[in-house]
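Colleague: I'm new to this one, so could you walk me through the labels people put on it? I'd like to hear what stands behind each of them.

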Amino acid sequence: MALVSAKEMLEKARAGKYAVGQFNINNLEWTKSILQTAQELNAPVILGVSEGAGKYMTGFKTVADMVKAMIEGLNITVPVALHLDHGTYEGCYKCIEAGFSSIMFDGSHFPIEENVAKTKELIEVCAKKGLSLEAEVGAIGGEEDGVIGRGECADPDECKRIADLGVTMLAAGIGNIHGKYPADWTGLSFETLEKIKNKVGKMPLVLHGGTGIPTDMIKKAISLGVAKINVNTECQLAFQEATRKYIEEGKDLQGKGFDPRKLLAPGCQAIKDTVKEKMEIFGCINKA
């Protein structure tokens, strides 16, 4: 199955009161683990790629070619979107050229007029190519590839202005944070989320920073229009812990070092387990 835009899967998710998971990929093993889990659970999935991860994997074209070949090689039949996460203006064009099926333009750090102008331009380009486009209003807390936000809540009127341009989905800051949540985190602002939902109507909303948000908050956010939830840190931590245990237990040491395929296997299984757990919470199993 070819890569698809995220538009149809998110419209279905919003109407069906569930969310599609975006899981960020960092290498071949992570990509394989996520795709296999989505196929096993018959769930649509979005593969997120930050600009830093794209650079690490030697460029966006390498990433797109790898994902397309893997979908064919693994006989993946569930809908898969390849999505640029928190893209710069320049990065969006690079991913469009490389063959991504979805992009996020993070213009949240620009003045609203410049954010609107750049978003409008990218909407026209994506529409011609059949790609989905995510926009952001209100910086998400924490750090993402050097972009630091304090977890500001978005202005519902600014959200409406961006949504009315014709974006596919809208990421609105509601107190969510990238990475691990601090002990003094006050939670999501559902008052803000509800105001945004009332302003943008049926526009699918996106919740970044899906790691560490309590299940009851996630389900309430879905009931208020969130149709896409991003998860990255939780997969990273699960992979790290499983790999650490494997090394500390000294398995596979035969005087020649570790077999890299065996070394990565526990971490890959941990990613699969994490993705499955999240998909169960999001309610997207058997929704492909």
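What follows is a chat about rings, burial, a cavity and a few backbone angles.

Modeller: Before we start, this is a predicted model, where local features need pLDDT of at least 70, side-chain atom pairs count only at pLDDT 80 or more, and totals for chains, interfaces and linings use all residues. Residues are numbered from 1 along each chain as its sequence is written, and side-chain values use heavy atoms, with hydrogens and water left out.

Colleague: Fine. How many aromatic pairs are there, and what makes two rings a pair?

Modeller: There are five aromatic pairs. Rings of Phe, Tyr and Trp (its six-membered ring) pair if their centres lie within 6.5 Å; planes under 30 degrees apart count as stacked, over 60 as edge-to-face, and the rest as tilted.

Colleague: Why is the pair of Trp 30 and Phe 239 called tilted?

Modeller: The centres of the Trp 30 and Phe 239 rings are 5.5 Å apart and their planes meet at 50°, so the pair is tilted. This pair links distant parts of the chain, as Trp 30 is in helix H2 (residues 28-41) and Phe 239 in helix H10 (residues 233-248), 209 residues apart. By the way, helices (H or I, at least four residues) and strands (E, at least two) are DSSP runs, numbered from the N terminus.

Colleague: Are Trp 30 and Phe 239 buried or exposed?

Modeller: Both Trp 30 and Phe 239 are buried. Buried means under 20% relative accessible area, exposed over 50%, and partly exposed in between (1.4 Å probe, protein chains only).

Colleague: And what makes Tyr 89 and Phe 105 edge-to-face?

Modeller: Their ring centres are 6.4 Å apart and the planes stand at 70°, so Tyr 89 and Phe 105 count as edge-to-face. Tyr 89 is in helix H5 (residues 89-98) and Phe 105 in strand S4 (residues 102-105), so the pair ties together parts that are 16 residues apart in sequence.

Colleague: How do you know which of Tyr 89 and Phe 105 is buried?

Modeller: Tyr 89 has 22% relative accessibility, so it counts as partly exposed. Phe 105 has 1%, so it counts as buried. Ring pairs also link Tyr 89, Tyr 93, Phe 105 and Phe 110 into a cluster.

Colleague: Which charge lies over the face of Tyr 89?

Modeller: That's Lys 118, at 5.3 Å from the ring centre. A charge sits over a ring if NZ of Lys or CZ of Arg is within 6 Å of the ring centre and within 35 degrees of the ring normal. Likewise, the charged end of Lys 220 sits over the ring of Phe 190, 4.7 Å from its centre.

Colleague: Why does Phe 190 count as buried?

Modeller: Its relative accessible area is 15%, so Phe 190 is buried. Phe 190 lies in helix H8. Leaving aside neighbours within four places in sequence, Phe 190 is in contact (heavy atoms within 4.5 Å) with Met 217, Lys 220, Ala 221 and Leu 224.

Colleague: What about cavities: what makes a space one?

Modeller: On a 1 Å grid over the protein atoms alone, a cavity is a set of points where a 1.4 Å probe fits but cannot get out, and lining residues have an atom within 4 Å of a point. The structure holds two cavities of 30 Å³ or more, and the second largest has a volume of about 50 Å³.

Colleague: Which elements supply the lining of the second largest cavity?

Modeller: Strand S8 (169-172), helix H8 (190-200) and strand S9 (205-207) each supply at least two residues. S9 gives the most, with three residues. The lining divides into nine nonpolar, no polar and no charged residues. Here Ala, Val, Leu, Ile, Met, Phe, Trp, Tyr, Cys and Pro count as nonpolar, Asp, Glu, Lys and Arg as charged, and the others, Gly among them, as polar.

Colleague: What makes Asn 75 stand out?

Modeller: Asn 75 has a positive phi of about 55° although it is not a glycine. Asn 75 is in the loop between helix H4 (60-73) and strand S3 (80-87), and with a relative accessible area of 57% it is exposed.

Colleague: Where is Asn 286, and why is it called exposed?

Modeller: Asn 286 is in the segment after helix H11 (260-282). Its relative accessible area is 56%, so Asn 286 is exposed. Phi of Asn 286 is near 60°, a positive value in a residue other than glycine.

Terms used: On a 1 Å grid over the protein atoms alone, a cavity is a set of points where a 1.4 Å probe fits but cannot get out, and a pocket is an open set with protein on both sides within 12 Å along at least five of seven lines; lining residues have an atom within 4 Å of a point. Grid points are joined across faces, edges and corners, and a volume is the space filled by probe spheres set on the points.
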